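Hi everyone, thanks for making the time this morning. Let me put the structure up, and we can walk through a few parts of it together.

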Amino acid sequence: MSRLFRRFTSTISIKPTPSKTHYHQPIPSSSFPTGYLLTGVHAGVKKKAGVLDVGLILSTSSRPTSAAACFTKNAFKAAPVVVSEHVIASNAGRARAVVINSGCANAVTGKQGMEDAWAMVKETDKLLPSSSGSSDHETLVMSTGVIGQNLPISKILSAIQSQHENSSTRSLASDFSAWERAANAFMTTDTFPKLRSRTFTINGREYRLAGMDKGAGMIHPDMGPPSIGPLHATLLGCIMTDAAVSPLSLQRALTYAVERSFNSISVDGDMSTNDTIIVLANGAAAPESAPEIDEATDKEGYEIFKKELTEFAIDLAKLVVRDGEGATKFVTVTVKGAPTYQDAHRIASRISTSALVKTALYGEDANWGRVLAATGSVPLSAPLHPNKVSVTFVPSDGTTPLPVLVNGEPEKVDEERASEILSLEDFEVLVDLGGGDEAEVARYYTCDFSYEYVRINGDYRS
């Protein structure tokens with residue numbers, strides 16, 4: 001711990017950061033999508049012995065596997081982002097594997113970084129079962145960790161080689177333990193592996209979704225789809241399904257889902273160089289003769305899939321905020337009554353990233369003036385009418401909400417009640433712009449700023 005932080009904290013009382021390990025629980029192996037093999041191994045990217053730092057995900061389906069992704073819009077895109085964009089574009093939205101390393105972001109690493117990312121792709125391609133007939137690479141790559149350092153690439157390649165079919169150290173499997181190993185290999189400053197699954201039905205057939213993500217700091221993603229045709233932490237996620245979905249429809253569904261999930265979370269307002277969300281759809285649970293779900297030919301089936309993917313992505317995204325570095329609060333910021341969804345989303349983002357709002361949340365201070373100031377600082381597509389705006393603190397325990405501003409008029413706030421709500425681990429800040437029932441609603445998920453956040457990021461060696 002730095003001397004400055006010790007001196008600063010010597011005269012204050014610091015609330016302990018609550019344990020978050022209960023958010024990770026065993027999942028029945030039968031809940032995971034079929035046709036995938038996964039593992040996590042220790043390559044030595046991280047110095048601590050035995051820590052899993054390379055993850056592998058392989059699709060073994062006999063059907064073509066569709067791949068979609070949303071990538072960071074940061075100008076300093078990391079080498080794995082550039083390489084994965086190229087793989088998806090050159091292979092017309094098809095890929096069958098993902099390789100991930102933690103402990104080093106391979107970002108701002110120049111020519112060597114690109115060569116290393118391609119080396120990971122090529123080595124993982126060799127693990128894939130019989131060729132799909134594609135002449136292109138079929139592996140997507142992700143990296144997370146410290147920026148500006150080169151990968152120990154020989155160690156990573158050796159770890160990948162350990163998973164060849166004839167290797168005595170092969171641990172690729174399809175049960176819960178295998179999924180858990182892969183999720184652990186994603187982690188950097190995370191305090192628990194983030195792994196979820198769910199089932200859904202389309203046209204009378206049951207399919208499964210499962211996914212994992214990571215992130216605790218440098219979290220304020222703004223991701224978009226790859227161009228197909230015409231710091232030390234980051235947001236990474238991978239979602240797999242055994243439904244058969246066409247590449248174009250999979251990308252459209254993911255882009256929609258990401259806007260309402262991963263692009264709607266913030267821990268500290270900083271966009272990473274590596275942010276990546278990948279979805280694979282291998283069709284392993286669909287009959288061989290069944291066509292892929294496609295928006296143009298099966299609108300109803302596509303809409304069901306898009307809804308399921310969006311809800312699942314929101315669940316995964318929330319786990320990232322809950323594990324925010326030093327966070328003691330999980331806060332939903334809801335903005336309703338806006339002229340457009342984009343207007344509501346921008347305001348929710350501004351409130352969620354305000355240092356003044358986030359420190360007040362940590363101090364359990366219902367300082368709604370900070371919320372209002374953040375709201376009024378965002379340019380909108382139509383004029384904002386202050387006399388129509390209301391602000392309410394909504395507890396998660398189902399008890400009575402607390403209005404603090406109603407139609408531009410301040411309420412007499414019950415300070416004791418306000419303290420009760422803000423002492424909860426979960427609550428909502430609701431901002432109603434007064435646009436009526438037909439107006440747009442957006443939600444953002446954020447956390448507070450604590451002394452622990454300053455310690456983690458002020459002296460990363462501690």
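Let's start with Arg198, which counts as partly exposed at 21% relative accessibility. Please keep in mind throughout that this is a predicted model. Buried here would mean under 20%, so Arg198, at 21%, falls in the partly exposed class.

Which residues does Arg198 bridge to? One is Glu311, where the closest N and O atoms of the salt bridge are 3.1 Å apart. Asp315 also forms a salt bridge with Arg198, and there the closest N and O atoms are 3.9 Å apart. Both acidic partners are partly exposed: Glu311 has a relative accessible area of 30%, and Asp315 comes in at 37%.

Now stay with Glu311 for a moment. Its side chain meets that of Lys307 in another salt bridge, 2.9 Å from N to O. These two residues both sit in helix 7, residues 299–322, and they are four residues apart, about one turn of the helix. Lys307 is partly exposed too, with a relative accessible area of 48%. If we put the pieces together, Arg198, Lys307, Glu308, Glu311 and Asp315 are linked in a network of salt bridges. The structure as a whole holds 21 salt bridges.

On to the nonpolar interior. The largest nonpolar core has 53 residues, and the members touching the most others are Trp179, Met212 and Met240. What does Met212 contact, leaving aside its neighbours within four places in sequence? The list includes Trp179 and Met240, along with Leu38, Phe186, Leu236 and Leu316 among others. There is also a second, separate core of 43 residues, and among its members are Ala68, Ala281, Leu319 and Ala327.

Last stop, the sheet. It is an open sheet of seven strands in the order 10-17-12-16-13-14-15, and the pairing is mixed. Strand 10 (265–266) and strand 15 (409–410) are at the edges with a single partner strand each, so one side of each has no neighbour in the sheet.

Further in, have a look at strand 13, residues 390–395, and strand 16, residues 426–432: they pair in the antiparallel sense over six bridges. If you'd like a landmark there, find Phe393, which stands opposite Val429 in strand 16.

And what lies across these strands? Helix 8, residues 341–353, lies across strand 10, strand 12, strand 16 and strand 17. Helix 8 runs at about 20 degrees to strand 17, which covers 440–447.

That's my tour, and I'm happy to go back to any part of it.

Key. Residues numbered from 1 in each chain as written. Predicted model: local features only at pLDDT ≥ 70, side-chain atom pairs only at ≥ 80, totals over all residues. Heavy atoms only, no water. Salt bridge = Lys/Arg side-chain N within 4 Å of Asp/Glu carboxyl O. Buried < 20%, exposed > 50% of the residue type's maximum accessible area, 1.4 Å probe, protein only. Core = buried A, V, L, I, M, F, W, Y, C linked by side-chain atoms within 4.5 Å. Contact = heavy atoms within 4.5 Å. Pairing = 2+ DSSP bridges. Axes fitted to C-alpha atoms, helices over the stretch in contact; angles between N-to-C directions.
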